[in-house]
Amino acid sequence: MAEEKKLPKHAKVVIIGGGIIGCSTAYHLAKRGWKDIVLLERAQLTSGTTWHAAGLIEAGGFFDETTIGMTRYSLELYSQLAEETGQSTGYKDVGMITLASTKDRLEEFRRISTFGREFGVPTEELSPKQVKELWPLAKTDNILAGFYTPNDGRVNPIDVTMALAKGARMGGVNIIEETAVTGIKQQNQQVTGVMTNRGEIEAEYVVNCAGMWAREIGKLADVNVPLQPTEHYYLITDAIEGVRSDLPVLVDPDNYSYLREEVGGILLGIFEPVSDPWALDGIPKDFTFGEINPNWDRMMPYIEDAMKRVPALETAGIHKFFCGPESFTPDISPMMGQAPELDNFYVAAGFNSLGILTGGGAGKVMAQWMIDGVPDVDITEIDIARMVPFENNPKYVKDRAVEVLGVMFEDSYPNKQFKTARNARKSSFHNHLADAGAYFGQYAGWEYPDWFAPKGVEPKVEYSWGRQNWFEYSAVEHRATRENVTMMDYSVMGKVLVQGRDAEKYLNRICANNIAVPVGRCVYTQWCNHTGTIEADLTVTRLAEDQFLVLSGDATIVAVQAWLRRNIPAEAHVFVTNISSAYSVLNIQGPKSREFLSKVTSADMSNEAFPFLTSQEIDIGYALVRAIRVTYVGELGWELYVPTEFSDHVYNILIEAGKDFGLNHIGLQALNTLRLEKAYRDYGGDIDNTDTPLEVGLSFFVDFKKPDGFIGRDALLRLKEKGFRYRMPQFLLEDPEPLLYYGEIIYRNNKPVGYIMSGGYGHTLGASVGVGPIESEEGITSADFVKSGTYEIDIAGVRYPAKASLRPMYDPKLLRVRS
């Protein structure tokens, strides 16, 4: 047992948890110069889940810039820590080979490796023969290729954590073991300290790095940290002839397994497709360096399949069959950042069995986030504020955990949907849409229509990287919106009512655009932080002198409410209410939408009476409906906000009237391709928290002249003077066959300058269309840089010519929208 240290009365930062993430966060805070940091560990360092990790480290294999940045940095850090601290990390750059056994895997890994190379991850595609040469014991006759990243490898998880802890101590961090946190102190929604089994510590900041205990620590602070411990297995064999210590790590995703050398034998790890959640009634209090009794009967079918890759395993002696817990989040992304519910309470947990390989980078991101207040990486998929409260329900995290372990090794199709923990959060129109042939996806727990199958066809997806079975169905929806009138269930929109006599004053300070407009006006705007980068992308509609309706995606609704709370003084006469469940939403779009709606309402829907970007309350049947004339597809149209209790009534009236117009339902796939043709932005897709409105083509929606300015104004003015780092054009492939999704590298004059952030098929434009930033080291001072280039886009290693434009290629003058 570690020697008991005296507990300090005060600290600048208290970090809870002494695993890889906690120690890395402490190390990086100290490296940035922060002092008076205390790390509390309930038992001993690494004693939760860190100690039994397999220790794999890789920079390849990931398809987003944030994760690659964290993993690359981790590799670099781990390779240098021993020299810095004198503590070995067990770092071995033996390399890693990921096998592709199907055509879809081959396509996916070619896309991923092309993306990774752009960010400094060397990856080589190997033939089956070359894989065999590097891994002589492996069976390779049923693979198509291997993808080799020579700089990847392994570390000893305990040693690398101890090295980080030693480095943190060298920077002045006080690490105290055998001290359990029993409570979180707070006042006025700001953390003030922690309570422990040995006393209290006042603190300015608290960081929850408690691993699989993070959910329990979150509850102490009334903060949602949805994760679930799950059984995770690996098997270690006795020594096997021919197994060398320098063998690359071998990842076999189609068998849900990975293999590496372990003391002359092989460690075989399994990410089974149907896993078993653990500790549903709570983690045992004395669980330290703990193991779970393995379930041989459940796991043997997976192990037997995995052993076929290396036949020598089938006759090898088993030295150890290990089962230990790992915690997983509902969407398989970590939870990081400041908790939306509690100021200065940060979370870094839920790393989904990837804590070692992301740990170094995660600690760096956390330190930068806390010290600078604004992260310099895209956090839209890792920010804890993306989680909605119901996702922390015990049954939800349990039911989803069954699936998430295996999903990590399955094909990562761009439209892949979870199968578990579904069909609970439904709009009022759900059953009607199901009857109409909807295939449903899920977003923030919502069941939304993704596309509609024709009558008599089962709405079932057949995944691939090519044209999927619904491609033509969505094309019909797309064309109907361009040519006629369509209807989409838009109920997933987050709806926040901001009201009070000070509402205009403070909301206008938050918005980059001017929302001091007449009642009935709808304003598209961004919310920026002090650096000028985007925190939210949304619309604000003025309902009354003292009432505003803020509309955002539901996955950002928690973050939106937190931003309002943090930027409106407590004493201000402003009240913020989430009214998302009060209204269902139907989106009516297309050139015949005015004629259609005029058949169901007595309101004057003419251009003169109901201009673009205005809102009115209209009658439909017995219901009063809030109609907002706005579009996300580039056509004449209205969003209808229907009081929930009238949803069925209004839907039936619209369907009946629609028979005379050939009204079509549409889903999110069509919405996405329609908005991409118009180059409309999507926060969390095309744009994120690292972008400024100016550089992504949203300057028109920034009002520099409005009285009292706005948050980020000074930073944006400096950017205008200095020049832009990049611009974000729209791209259209010249070849109508290839498909753009995400991550395809953009070449300008034969030089890589960026990558596609979002892509889809432009059924009106006749080829794949996408948007993405193009960068220049010298800065971009004018549109001529974009116009003067010749462009190609790399799709899975093949370059295709493309056209680029800063103006939307579809209806650039907004004639259809304003008609």
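Modeller: Let us agree on a word: a residue is buried when its relative accessible area is under 20%, exposed when it is over 50%, and partly exposed in between. Keep in mind that the model is predicted.

Biologist: Thanks! Then is Tyr346 buried or exposed?

Modeller: The relative accessibility of Tyr346 is 4%. The cut-off for burial is under 20%. Tyr346 therefore counts as buried.

Biologist: How many aromatic pairs are there, and what kind of pair do Tyr205 and Tyr346 form?

Modeller: The count of aromatic pairs comes to 34. For Tyr205 and Tyr346, the ring centres are 6.4 Å apart and the planes meet at 40°. Stacked needs planes under 30 degrees apart and edge-to-face needs over 60, so with 40° this pair is tilted.

Biologist: How many residues apart along the chain are those two?

Modeller: Tyr205 sits in strand β11 (residues 199-208), while Tyr346 belongs to strand β18 (residues 345-349). The pair thus links distant parts of the chain, and the separation is 141 residues.

Biologist: And Tyr205, is that one buried or exposed?

Modeller: Its relative accessible area is 15%. With the limit at under 20%, Tyr205 is therefore also on the list of residues we call buried.

Biologist: What kind of pair do Tyr632 and Tyr680 make?

Modeller: Their ring centres lie 6.1 Å apart, with the planes at 10°. Because planes under 30 degrees apart meet the criterion, this pair is stacked.

Biologist: Where in the chain is Tyr680?

Modeller: Tyr632 is in the loop between β30 (623-628) and β31 (637-643), and its partner is 48 residues away. Tyr680 is buried at 18% relative accessible area. Its place is the loop between α16 (668-677) and α17 (713-722).

Biologist: Which residues have the most contacts inside the largest nonpolar core?

Modeller: That core has 69 residues. Helix α8 gives the most to it, with 8 residues. Another core, of 62 residues, lies apart from it and includes Ala203 and Leu268. In the largest core, those with the most contacts are Val13, Ile15, Tyr78 and Met336.

Biologist: Which residues of α8 (residues 355-372) does Met336 touch?

Modeller: Met336 has contacts in several places, among them Met70, Phe351 and Ile384. Filtering its contacts by the range 355-372 picks out Ala362, Val365, Met366 and Trp369.

Biologist: Where is the kink in α8 centred?

Modeller: End to end, the helix looks regular: its 18 residues reach 24 Å from first C-alpha to last, close to the 26 Å expected. Even so, there is a bend of about 35°. The kink is centred on Gly361.

Biologist: How many of the 18 residues of α8 are buried?

Modeller: The helix is largely enclosed by the rest of the structure. Just after it comes Gly373, with a positive phi near 85°. Within the helix itself, the number of buried residues is 15.

Biologist: Which helix helps to cover the buried residues of α12?

Modeller: The buried residues of α12 are Ala503, Tyr506, Leu507, Asn508 and Ile510. Their cover includes strands β23, β24, β25 and β26. Viewed from the other side, the buried residues of helix α13 (residues 557-567), including Trp563, pack against α12 among other elements. The helix you want is α13.

Biologist: Which ring does Arg482 lie over?

Modeller: There are charges over rings in this model, such as Arg467 over the face of Phe471, at 4.9 Å from the ring centre. Arg482 lies 3.9 Å from the centre of its ring, over the face of Tyr810.

Biologist: Asp36 is not a glycine, so what is its phi?

Modeller: Asp36 is in the loop between α1 (20-31) and β2 (37-40). Its relative accessible area is 37%, which makes it partly exposed. Its phi is positive, about 60°.

Technical notes: Residues are numbered from 1 along each chain as its sequence is written. This is a predicted model: local features need pLDDT of at least 70, side-chain atom pairs count only at pLDDT 80 or more; totals for chains, interfaces and linings use all residues. Side-chain values use heavy atoms; hydrogens and water are left out. Helices (H or I, at least four residues) and strands (E, at least two) are DSSP runs, numbered from the N terminus. The expected span of a helix is 1.5 Å times one less than its number of residues. The bend at a residue is the angle between axes fitted to the seven residues ending there and the seven starting there. Buried means under 20% relative accessible area, exposed over 50%, partly exposed in between (1.4 Å probe, protein chains only). Contact means heavy atoms within 4.5 Å. Rings of Phe, Tyr and Trp (its six-membered ring) pair if their centres lie within 6.5 Å; planes under 30 degrees apart count as stacked, over 60 as edge-to-face and the rest as tilted. A charge sits over a ring if NZ of Lys or CZ of Arg is within 6 Å of the ring centre and within 35 degrees of the ring normal. A nonpolar core is a set of buried Ala, Val, Leu, Ile, Met, Phe, Trp, Tyr and Cys residues joined through side-chain atoms within 4.5 Å. Lists of a residue's contacts leave out its neighbours within four places in sequence.
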